[in-house]
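Here is a short briefing on one model. Please look over the fold before reading the points by topic.

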Amino acid sequence: MKLSFRWYGKSDPISLEYISQIPGMRSVVSAVYDVKPGEVWPRESLKSMRDACEDAGLVFDIVESIPVHEDIKLGLPSRDKYIDAYCENIRRVSEIGVKCVCYNFMPVFDWTRTQLDKKAADGSTSLVMYMEQLKGIDPLRDGLDLPGWDASYEKEELKQLLLSYAEVGEEGLWENLRYFLERVIPVARECDVLMAIHPDDPPYPIFGLPRIITTEENLDRFLALVDDRYNGLTFCTGSLGCADFNDIPGMIDKYSKAGRIHFMHIRNIRNLPDGSFEESGHLSACGSLDMAKIVKTLVNNGFDGYVRPDHGRMIWGETGKPGYGLYDRALGAAYINGLWEMAQSNR
Ligand code: DNO
């Protein structure tokens with residue numbers, strides 16, 4: 001496996017030097033953050049990120065994310081120009097050595113949570129989604145004010161977007177995804193860049209918005225849309241695992257055997273009886289996922305793709321981007337290293 005760590009570029013308070021001090025750390029996961037979705041990334045920005053990583057003894061060879069413009073997801077006539085820009089970005093990242101691109105096809109939202117700083121008994125804080133807090137929120141009526149939510153949408157604009165997606169529906173979204181993949185995957189193959197879609201988080205429709213990268217059945221359907229190794233998955237254990245209907249180790253076994261997982265986001269999650277969930281400590285005992293089994297499955301199938309510890313809690317008084325502090329993510333990396341070494345020695 002290639003151990004990696006997400007870095008938000010030069011404005012990230014966590015330095016590349018600190019990241020490089022985590023044992024076994026190899027790759028930096030990053031993106032160009034000062035360009036709007038649908039635009040082409042400047043080569044200079046990419047080169048300077050690559051150089052900064054190299055100076056710290058790290059490799060910038062995986063991107064998360066090149067965002068997909070809403071017009072592509074909606075299937076609007078303007079999508080072709082945004083798909084062209086997307087393909088150009090794949091070419092450009094490949095020029096500086098990137099081998100894998102993570103992206104998502106979630107309408108309007110990326111991940112959804114109701115609170116980003118829920119305090120646990122030990123004083124740590126983490127992201128949670130409580131069904132109780134979600135009840136009564138109607139973005140069509142009230143607009144939206146969720147934590148982490150992109151407040152740049154005006155109420156009316158958001159309403160239009162929600163109505164447009166209601167019209168597109170799940171089948172329309174599948175069709176628009178197919179259209180996108182049929183144009184993008186050949187370019188990715190040409191550039192030797194593995195495309196890795198991130199699952200929907202949480203993996204079910206939300207606020208009436210269609211969500212399709214959610215279950216084993218739908219992942220099968222996704223992989224068959226363009227049946228090519230370059231059309232693969234970011235397997236996020238927390239996103240797919242916060243719903244009881246997904247058998248996480250079983251799915252990892254199936255898709256890693258098939259060579260279709262290119263990037264693993266490994267994190268634990270604690271599922272509550274009413275469908276709510278909390279981002280928990282990494283240890284299996286802290287949450288609902290069997291972390292040892294997850295790693296064992298990957299090791300047994302000879303997984304050699306990218307792995308990153310995903311979100312961490314805020315611990316030891318650290319403040320910063322929710323889910324993306326240094327301390328608990330570094331503990332996550334150390335935990336993954338430990339599980340990996342043990343699984344390998346037992347092979
Ligand atoms: C959350 C991340 C996601 C992910 C995107 C990929 O912390 O895993 O925001 O980067 O969904 O496009």
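Which residue in β12 does His265 stand opposite? The partner of His265 is Arg308. This is a predicted model. The notes below go from the barrel to one of its strands, then to the ligand shell and a loop residue.

**Barrel**
- A barrel is closed by 8 strands, with parallel pairing, in the order β1-β2-β3-β4-β7-β8-β9-β12.
- From one strand to the next, the twist averages 30°.
- Helix α2 (residues 43–55) packs on the sheet, where it touches β2 (27–30) and β3 (59–64). The direction of α2 makes about 130° with that of β3.
- The pair that holds His265 and Arg308 joins strand β9 (residues 261–266) to strand β12 (residues 306–309). These two strands pair in the parallel sense over 4 bridges.

**Strand β7**
- Strand β7 (residues 194–198) is largely enclosed by the rest of the structure, because 5 of its 5 residues are buried.
- In a regular strand, side chains alternate between the two faces of the sheet.
- Both faces of β7 are covered. Leu194, Ala196 and His198 are buried on one side, and Met195 and Ile197 are buried on the other.
- β7 pairs with β4 in the parallel sense, over 5 bridges. Here Val101 stands opposite Met195 of β7.
- β7 also runs parallel to strand β8 (residues 231–236), joined by 3 bridges. Ile197 has Leu233 in β8 as its bridge partner.
- A right-handed β-α-β unit is made by β7, helix α8 (residues 216–225) and β8.

**Ligand shell**
- The ligand is surrounded by Glu64, Ser65, Cys102, Tyr103, Asn104, Asp110, Trp111, His198, Cys236, His265, His311 and Gly323.
- Strand β4 (residues 100–104) gives the most to this shell, with 3 residues.
- By class, the shell has 4 nonpolar, 6 polar and 2 charged residues.
- His198 belongs to this shell and is also one of the buried residues of β7.
- His265, which stands opposite Arg308, is in the shell as well.

**Loop residue Leu58**
- Leu58 sits in the loop between α2 and β3.
- Is Leu58 buried or exposed? Leu58 counts as buried, because it has 21 C-beta neighbours inside 10 Å.
- Leaving aside residues up to four places away in sequence, Leu58 touches Leu16, Ile19, Ser20, Met25, Arg26, Ser27, Val28 and Cys53.
- Leu140 is 82 residues from Leu58 along the chain, and their C-alpha atoms are separated by 45 Å.

Notes. Residues are numbered from 1 along each chain as its sequence is written. This is a predicted model: local features need pLDDT of at least 70, side-chain atom pairs count only at pLDDT 80 or more; totals for chains, interfaces and linings use all residues. A residue is near a molecule or strand if its C-beta atom, placed from the backbone, lies within 6 Å of it. Ala, Val, Leu, Ile, Met, Phe, Trp, Tyr, Cys and Pro count as nonpolar, Asp, Glu, Lys and Arg as charged, and the others, Gly among them, as polar. Two strands pair if DSSP finds at least two bridges between them. Axes are lines fitted to C-alpha atoms, for helices over the stretch in contact, and angles run from 0 to 180 degrees between N-to-C directions. Two residues are in contact if their C-beta atoms, placed from the backbone, lie within 7 Å. A residue is buried if 20 or more other C-beta atoms lie within 10 Å of its own, exposed if 12 or fewer, and partly exposed in between; C-beta atoms are placed from the backbone. A crossover is right-handed if, with the strands pointing away from the viewer, the path from the first strand over the helix to the second runs clockwise.
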